[in-house]
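Open the model in your viewer and keep the selection panel handy. We will go from stop to stop, picking residues and looking at what surrounds them.

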Amino acid sequence: KNARYDLAAGIYDTLKFSNSFYKKHISARLSASAHNHSRAITLLSELADNFENTGENIVLMYGVYSDLEISCRAASDYEKAYACLRKRTELLERIKTPS
């Protein structure tokens with residue numbers, strides 16, 4: 001989230017990720033930092049669409065929806081940004097009241 005995009009991108013290129021979820025999420029955040037919101041939206045949407053199938057932690061998915069909402073707003077896709085806000089609210093309720 002800071003102005004050290006070049007450093008973060010360089011580190012990202014040297015790391016080996018065993019978890020494709022983390023790799024894609026970090027790649028999306030780097031894209032958003034570079035103002036490539038369409039790429040960030042694509043990557044984050046893929047993570048969101050596959051959430052139920054991957055079994056990823058809902059706290060991590062909360063972060064995905066948060067980042068997706070920000071990128072959608074930056075791309076002036078307010079309808080999708082609002083949908084992300086609704087999904088984040090649903091996830092927050094699931095976090096607060098575990099089954």
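Start by selecting Cys 72, which counts as buried because its relative accessibility is 0%, under the 20% cut-off. Keep in mind as you look around that this is a predicted model. Cys 72 sits in helix α5, which covers residues 58-74.

Now show what lies around Cys 72. Setting aside neighbours within four places in sequence, Cys 72 is in contact with Ile 41, Asp 77, Lys 80 and Ala 81. Add His 37 to the selection as well: 35 residues separate Cys 72 and His 37 in sequence, yet their C-alpha atoms are 7.4 Å apart in space.

Next, select Cys 84. Is this residue buried or exposed? At 3% relative accessibility, Cys 84 counts as buried.

With both cysteines on screen, a bench biochemist may well want to check for a bond. How many disulfides does the structure hold? The count is zero. For Cys 72, the nearest cysteine sulfur is that of Cys 84, 4.8 Å away, and Cys 72 is in no disulfide. Cys 84 is likewise in no disulfide, its nearest cysteine sulfur being that of Cys 72 at 4.8 Å. A disulfide needs the two sulfur atoms within 2.5 Å, so this pair does not count as one.

Move on to a pair of helices. Select α2 (residues 20-33) and α3 (residues 37-49), and give each its own colour; their axes come within 7 Å and cross at roughly 155°. Angles over 145 degrees count as roughly antiparallel, and α2 and α3 are therefore roughly antiparallel to each other. Their crossing is left-handed.

Show the side chains where these helices meet:

- On α2, pick Phe 21, Lys 24, His 25, Ser 27, Ala 28, Ser 31 and Ala 32.
- On α3, pick His 37, Arg 39, Ala 40, Leu 43, Leu 44, Glu 46 and Leu 47.

Try colouring this contact by residue type: you should find seven nonpolar, four polar and three charged residues. His 37, which you selected earlier beside Cys 72, is one of the α3 residues here.

For the last stop, zoom in on Ser 31 in helix α2. Ser 31 counts as buried because its relative accessibility is 8%. Which residues is Ser 31 in contact with, leaving aside its neighbours within four places in sequence? Select Asn 36, Arg 39, Ala 40 and Leu 43 to see them. Among these, Arg 39, Ala 40 and Leu 43 belong to the α3 side of the helix contact.

Technical notes
Residues numbered from 1 in each chain as written. Predicted model: local features only at pLDDT ≥ 70, side-chain atom pairs only at ≥ 80, totals over all residues. Heavy atoms only, no water. Axes fitted to C-alpha atoms, helices over the stretch in contact; angles between N-to-C directions. Helix = DSSP H or I, 4+ residues; strand = E, 2+ residues; numbered from the N terminus. Parallel < 35°, antiparallel > 145°, perpendicular 65-115°, else oblique. Left-handed = near helix turned anticlockwise from the far one by under 90°. Contact = heavy atoms within 4.5 Å. Nonpolar A, V, L, I, M, F, W, Y, C, P; charged D, E, K, R; others polar. Buried < 20%, exposed > 50% of the residue type's maximum accessible area, 1.4 Å probe, protein only.
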